[in-house]
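Got the viewer open and a free hand on the mouse? Let's take a walk through this one together, one selection after another.

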Amino acid sequence: MIRITVFNEFLHEKRVKAVQEIYPNGIHMALKEHLQDEELQVRTVTLDDPECGLTDEVLKETDVLIWWGHMAHGQVPDEVAARVQSHVLMGMGAIFLHSGHHSKPFKRLMGTPCNLTWREDGDRELVWVVNPAHPIAQGIDRFILLPHEETYGEPFSIPEPDELVFIGSFEGGEVFRAGCCYTRGNGRIFDFQPGHETFPTYHIPEVIRVIRNAIYWAKPVNRMEALVCPHVKRPLED
Ligand code: ZN
(Lines give C-alpha, C1' and ligand atoms only; values in the text may rest on other atoms or scores of the structure.)
Protein backbone atom coordinates (compact mmCIF):
# COMPACT_ATOMS: atom_id res chain seq x y z
CA MET A 1 0.00 0.00 0.00
CA ILE A 2 1.35 3.45 -0.94
CA ARG A 3 -0.01 6.35 1.12
CA ILE A 4 -0.62 9.47 -0.97
CA THR A 5 -1.63 12.93 0.19
CA VAL A 6 -3.01 15.33 -2.43
CA PHE A 7 -2.77 19.02 -1.53
CA ASN A 8 -4.99 21.33 -3.60
CA GLU A 9 -5.44 25.01 -2.80
CA PHE A 10 -9.10 24.51 -3.93
CA LEU A 11 -10.02 28.08 -4.85
CA HIS A 12 -10.72 28.18 -8.62
CA GLU A 13 -13.23 25.34 -8.30
CA LYS A 14 -15.25 27.34 -5.76
CA ARG A 15 -15.09 30.66 -7.62
CA VAL A 16 -15.18 29.93 -11.35
CA LYS A 17 -18.18 28.15 -12.87
CA ALA A 18 -16.25 26.77 -15.86
CA VAL A 19 -13.77 25.11 -13.49
CA GLN A 20 -16.58 23.78 -11.28
CA GLU A 21 -18.09 22.05 -14.29
CA ILE A 22 -14.84 20.20 -15.00
CA TYR A 23 -14.00 19.43 -11.35
CA PRO A 24 -17.27 19.62 -9.37
CA ASN A 25 -15.63 18.32 -6.18
CA GLY A 26 -12.25 19.94 -6.76
CA ILE A 27 -9.06 18.84 -8.53
CA HIS A 28 -7.98 16.95 -5.39
CA MET A 29 -11.11 14.78 -5.45
CA ALA A 30 -10.76 14.14 -9.20
CA LEU A 31 -7.18 12.98 -8.65
CA LYS A 32 -8.32 10.80 -5.76
CA GLU A 33 -11.11 9.25 -7.83
CA HIS A 34 -8.73 8.49 -10.70
CA LEU A 35 -5.80 7.24 -8.61
CA GLN A 36 -7.23 5.34 -5.65
CA ASP A 37 -7.16 1.55 -5.97
CA GLU A 38 -6.10 -1.52 -3.97
CA GLU A 39 -2.49 -0.30 -3.83
CA LEU A 40 -2.84 3.48 -3.70
CA GLN A 41 -4.46 4.97 -0.61
CA VAL A 42 -5.28 8.64 -1.23
CA ARG A 43 -5.94 11.35 1.37
CA THR A 44 -6.80 14.94 0.34
CA VAL A 45 -6.06 18.25 2.09
CA THR A 46 -6.66 21.87 1.10
CA LEU A 47 -5.77 25.42 2.04
CA ASP A 48 -8.92 25.50 4.22
CA ASP A 49 -7.51 22.89 6.60
CA PRO A 50 -5.51 24.08 9.61
CA GLU A 51 -1.82 24.17 8.57
CA CYS A 52 -3.02 23.27 5.03
CA GLY A 53 -3.70 19.80 6.44
CA LEU A 54 0.04 19.17 6.28
CA THR A 55 0.93 18.59 9.91
CA ASP A 56 4.03 16.66 10.88
CA GLU A 57 1.80 13.68 11.67
CA VAL A 58 0.17 13.71 8.21
CA LEU A 59 3.51 14.07 6.43
CA LYS A 60 4.99 11.19 8.45
CA GLU A 61 2.12 9.04 7.18
CA THR A 62 2.61 10.21 3.57
CA ASP A 63 4.75 8.24 1.14
CA VAL A 64 4.14 10.60 -1.79
CA LEU A 65 2.76 14.14 -1.63
CA ILE A 66 1.02 15.54 -4.73
CA TRP A 67 0.80 19.35 -4.94
CA TRP A 68 -1.58 21.51 -7.00
CA GLY A 69 -1.61 25.26 -6.40
CA HIS A 70 -1.99 28.27 -8.69
CA MET A 71 -3.26 31.59 -7.32
CA ALA A 72 -2.57 31.31 -3.60
CA HIS A 73 1.02 30.10 -3.16
CA GLY A 74 1.56 33.04 -0.78
CA GLN A 75 -1.18 31.76 1.56
CA VAL A 76 0.77 28.60 2.35
CA PRO A 77 2.61 29.38 5.61
CA ASP A 78 6.41 29.32 5.43
CA GLU A 79 6.47 26.77 8.27
CA VAL A 80 4.35 24.38 6.22
CA ALA A 81 6.66 24.79 3.20
CA ALA A 82 9.71 24.18 5.41
CA ARG A 83 8.06 21.08 6.89
CA VAL A 84 7.33 19.67 3.42
CA GLN A 85 10.93 20.35 2.39
CA SER A 86 12.25 18.51 5.49
CA HIS A 87 10.08 15.49 4.85
CA VAL A 88 11.26 15.31 1.24
CA LEU A 89 14.89 15.52 2.41
CA MET A 90 14.15 12.64 4.81
CA GLY A 91 12.74 10.52 1.99
CA MET A 92 9.10 11.42 1.22
CA GLY A 93 8.32 11.55 -2.50
CA ALA A 94 6.78 14.70 -4.00
CA ILE A 95 4.99 15.37 -7.29
CA PHE A 96 4.41 18.99 -8.25
CA LEU A 97 1.70 19.49 -10.84
CA HIS A 98 1.25 22.41 -13.23
CA SER A 99 1.70 25.72 -11.35
CA GLY A 100 3.18 23.83 -8.42
CA HIS A 101 6.44 25.01 -10.05
CA HIS A 102 5.87 28.31 -8.21
CA SER A 103 4.81 26.81 -4.87
CA LYS A 104 6.89 27.57 -1.80
CA PRO A 105 7.98 23.95 -1.19
CA PHE A 106 9.09 23.43 -4.81
CA LYS A 107 11.09 26.67 -4.88
CA ARG A 108 12.72 25.81 -1.55
CA LEU A 109 13.68 22.37 -2.88
CA MET A 110 15.04 23.78 -6.15
CA GLY A 111 16.77 26.89 -4.79
CA THR A 112 16.07 28.86 -8.00
CA PRO A 113 13.21 31.23 -9.03
CA CYS A 114 11.43 28.52 -11.10
CA ASN A 115 10.05 31.20 -13.45
CA LEU A 116 8.79 30.49 -16.96
CA THR A 117 6.93 32.24 -19.77
CA TRP A 118 3.23 31.57 -20.19
CA ARG A 119 0.11 32.28 -22.27
CA GLU A 120 -3.47 31.27 -21.57
CA ASP A 121 -4.66 30.69 -25.15
CA GLY A 122 -5.70 27.05 -24.77
CA ASP A 123 -3.20 25.84 -27.37
CA ARG A 124 -2.94 22.19 -28.26
CA GLU A 125 0.04 20.59 -26.52
CA LEU A 126 2.00 17.47 -27.37
CA VAL A 127 3.83 16.05 -24.35
CA TRP A 128 6.72 14.17 -25.98
CA VAL A 129 8.44 11.22 -24.33
CA VAL A 130 12.17 11.94 -24.44
CA ASN A 131 13.21 8.99 -22.26
CA PRO A 132 11.15 5.91 -23.27
CA ALA A 133 13.04 3.69 -20.81
CA HIS A 134 12.17 5.83 -17.79
CA PRO A 135 9.72 4.25 -15.31
CA ILE A 136 7.51 7.37 -15.44
CA ALA A 137 7.07 7.07 -19.24
CA GLN A 138 5.86 3.46 -19.21
CA GLY A 139 2.54 2.92 -20.98
CA ILE A 140 2.86 6.15 -22.95
CA ASP A 141 3.45 5.99 -26.70
CA ARG A 142 5.48 8.73 -28.47
CA PHE A 143 3.48 11.60 -26.97
CA ILE A 144 0.35 12.56 -25.04
CA LEU A 145 -2.08 14.79 -26.95
CA LEU A 146 -3.65 17.51 -24.81
CA PRO A 147 -6.31 19.27 -26.93
CA HIS A 148 -6.02 22.44 -24.82
CA GLU A 149 -3.51 23.57 -22.22
CA GLU A 150 -2.07 26.77 -20.80
CA THR A 151 1.18 27.39 -22.66
CA TYR A 152 4.34 27.14 -20.60
CA GLY A 153 7.57 28.10 -22.34
CA GLU A 154 11.29 28.12 -21.82
CA PRO A 155 13.38 29.44 -20.28
CA PHE A 156 12.25 27.64 -17.12
CA SER A 157 14.62 28.72 -14.36
CA ILE A 158 15.00 25.38 -12.61
CA PRO A 159 18.24 23.57 -11.80
CA GLU A 160 19.32 21.09 -14.48
CA PRO A 161 16.99 18.10 -13.96
CA ASP A 162 18.62 14.81 -12.90
CA GLU A 163 16.45 13.17 -15.54
CA LEU A 164 14.21 14.71 -18.20
CA VAL A 165 11.24 12.50 -19.10
CA PHE A 166 8.96 14.76 -21.17
CA ILE A 167 9.16 17.88 -23.34
CA GLY A 168 5.94 19.72 -24.19
CA SER A 169 5.50 21.43 -27.57
CA PHE A 170 2.72 23.94 -28.11
CA GLU A 171 0.76 25.10 -31.14
CA GLY A 172 2.25 28.59 -30.80
CA GLY A 173 5.81 27.28 -31.13
CA GLU A 174 6.96 27.16 -27.51
CA VAL A 175 8.67 24.15 -26.01
CA PHE A 176 8.90 23.33 -22.30
CA ARG A 177 10.59 20.76 -20.05
CA ALA A 178 7.29 19.17 -19.01
CA GLY A 179 8.49 16.26 -16.86
CA CYS A 180 11.59 16.69 -14.69
CA CYS A 181 13.04 14.39 -12.03
CA TYR A 182 15.16 15.43 -9.06
CA THR A 183 16.61 13.88 -5.94
CA ARG A 184 16.96 16.08 -2.87
CA GLY A 185 18.40 14.36 0.19
CA ASN A 186 16.67 10.97 0.35
CA GLY A 187 13.57 12.22 -1.48
CA ARG A 188 12.52 12.00 -5.10
CA ILE A 189 10.72 14.86 -6.81
CA PHE A 190 8.83 14.89 -10.12
CA ASP A 191 7.60 18.13 -11.71
CA PHE A 192 4.84 17.62 -14.31
CA GLN A 193 3.54 20.61 -16.26
CA PRO A 194 0.04 19.68 -17.56
CA GLY A 195 -3.07 20.61 -15.54
CA HIS A 196 -4.45 24.11 -16.05
CA GLU A 197 -7.77 24.24 -14.19
CA THR A 198 -9.98 25.39 -17.10
CA PHE A 199 -9.20 22.30 -19.18
CA PRO A 200 -10.10 18.68 -18.25
CA THR A 201 -6.46 17.57 -18.28
CA TYR A 202 -6.76 15.36 -15.17
CA HIS A 203 -9.56 13.38 -16.81
CA ILE A 204 -7.18 12.23 -19.57
CA PRO A 205 -6.15 8.61 -18.85
CA GLU A 206 -2.55 9.03 -20.08
CA VAL A 207 -2.03 12.02 -17.77
CA ILE A 208 -3.26 9.92 -14.84
CA ARG A 209 -1.00 7.08 -16.02
CA VAL A 210 2.02 9.41 -15.79
CA ILE A 211 1.04 10.56 -12.28
CA ARG A 212 0.52 6.93 -11.22
CA ASN A 213 3.93 5.95 -12.63
CA ALA A 214 5.49 8.93 -10.84
CA ILE A 215 3.98 7.79 -7.53
CA TYR A 216 5.70 4.39 -7.88
CA TRP A 217 8.95 6.07 -8.90
CA ALA A 218 8.89 8.64 -6.06
CA LYS A 219 7.84 6.40 -3.18
CA PRO A 220 10.41 6.34 -0.36
CA VAL A 221 13.39 4.05 -0.75
CA ASN A 222 15.12 4.87 2.54
CA ARG A 223 13.32 7.17 4.93
CA MET A 224 15.09 8.92 7.79
CA GLU A 225 13.38 9.72 11.10
CA ALA A 226 15.12 13.07 11.40
CA LEU A 227 17.70 15.25 9.66
CA VAL A 228 20.77 14.72 11.80
CA CYS A 229 24.52 15.13 11.57
CA PRO A 230 25.73 12.32 13.88
CA HIS A 231 28.92 12.72 15.89
CA VAL A 232 30.90 9.47 16.06
CA LYS A 233 33.30 9.49 19.02
CA ARG A 234 35.39 6.47 18.10
CA PRO A 235 36.86 5.29 14.81
CA LEU A 236 35.52 2.06 13.35
CA GLU A 237 38.92 0.38 13.90
CA ASP A 238 41.63 1.19 16.47
ZN1 ZN B 1 -2.51 27.34 -15.16
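What follows is a tour in a handful of stops, with something to click at each. Keep in mind throughout that this is a predicted model.

**Stop 1: the zinc ion**

Begin by selecting the zinc ion and showing the side chains around it. Which residues hold the zinc ion? The protein donors are His 70, His 98, Glu 150 and His 196. His 70 and His 98 each use NE2, Glu 150 uses OE, and His 196 uses ND1. If you draw distances from these atoms to the zinc ion, you should get 1.9 to 2.1 Å.

Now try the angles. The four donor atoms subtend 91 to 129° around the zinc ion, and so the arrangement counts as tetrahedral. For comparison, ideal angles for four tetrahedral donors are 109.5 degrees.

Next, colour the chain by residue number and look at where the donors come from. Their spacing along the chain is H-x27-H-x51-E-x45-H. His 70 sits in the loop between strand E3 (64-68) and helix H5 (78-90), while His 196 is in the loop between strand E9 (187-192) and helix H7 (205-218), so this pair ties together parts that are 126 residues apart in sequence. Turn on a surface and look for His 196: its relative accessibility is 1%, so it counts as buried.

**Stop 2: the largest pocket**

Keep His 70 and Glu 150 selected, since both also appear in the lining of the largest pocket. Add the other lining residues: His 73, Ser 99, His 101, His 102, Asn 115, Leu 116, Trp 118, Glu 120 and Tyr 152. Which elements give two or more residues to this lining? They are strand E5 (117-129) and strand E6 (143-153).

How much space is in there? The largest pocket holds about 150 Å³. Colour the lining by residue type and you'll find three nonpolar, six polar and two charged residues.

**Stop 3: helix H7 and its distant partners**

Select H7 next. With 14 residues at 1.5 Å a residue, H7 should span 20 Å, and its end C-alpha atoms are indeed 20 Å apart, so the two values agree. Is H7 mostly covered or mostly open? It is mostly covered, with 10 of its 14 residues buried. Among the buried ones are Val 207, Ile 208, Val 210, Ile 211, Arg 212 and Trp 217.

Now add helix H3 (residues 27-35), which contains Leu 35. Leu 35 has a relative accessibility of 0%, so it counts as buried. Draw a line from its C-alpha to that of Arg 212: these residues are 177 apart in sequence and 6.8 Å apart in space.

Stay in helix H3 and pick Leu 31. Leu 31 is also at 0% relative accessibility and therefore buried. From Leu 31 to Ile 211, the C-alpha distance is 9.3 Å, with their positions 180 residues apart in sequence.

Then follow the chain to the segment after H7, where Leu 227 lies. Leu 227 has a relative accessible area of 46%, which means it is partly exposed. Its C-alpha is 23 Å from that of Phe 96, a residue 131 places away in sequence.

**Stop 4: backbone details**

Time to show the backbone atoms. Go to the loop between E6 and strand E7 (163-170), where you'll find Pro 155. The peptide bond from Glu 154 to Pro 155 is cis, with omega near 5°.

Two other spots have a positive phi in a residue other than glycine. Phe 10 has phi near 60° and sits in the loop between strand E1 (2-8) and helix H1 (12-15). At 18% relative accessibility, Phe 10 falls under the 20% limit and so counts as buried.

Cys 114 likewise has phi near 60°, and its place is the loop between helix H6 (104-110) and E5. Cys 114 has a relative accessible area of 0%, so it is buried.

**Last stop: a pair to finish on**

Select Arg 177 in strand E8 (residues 175-184). Is Arg 177 buried or exposed? Its relative accessibility is 18%, so it counts as buried. Add Phe 166, which is 11 residues away along the chain: the two C-alpha atoms are separated by 6.3 Å.

Key
Residues numbered from 1 in each chain as written. Predicted model: local features only at pLDDT ≥ 70, side-chain atom pairs only at ≥ 80, totals over all residues. Heavy atoms only, no water. 1 Å grid on protein atoms, 1.4 Å probe; cavity = no way out; pocket = protein on both sides within 12 Å on 5 of 7 lines; lining within 4 Å. Points joined across faces, edges and corners; volume = space filled by probe spheres on them. Helix = DSSP H or I, 4+ residues; strand = E, 2+ residues; numbered from the N terminus. Nonpolar A, V, L, I, M, F, W, Y, C, P; charged D, E, K, R; others polar. Donors = N, O, S within 2.8 Å, 3.2 Å for Na, K, Ca; no water. Tetrahedral: all angles 85-135°; square planar, octahedral: opposite > 155°, others 65-115°. Buried < 20%, exposed > 50% of the residue type's maximum accessible area, 1.4 Å probe, protein only. Expected span 1.5 Å × (residues − 1).
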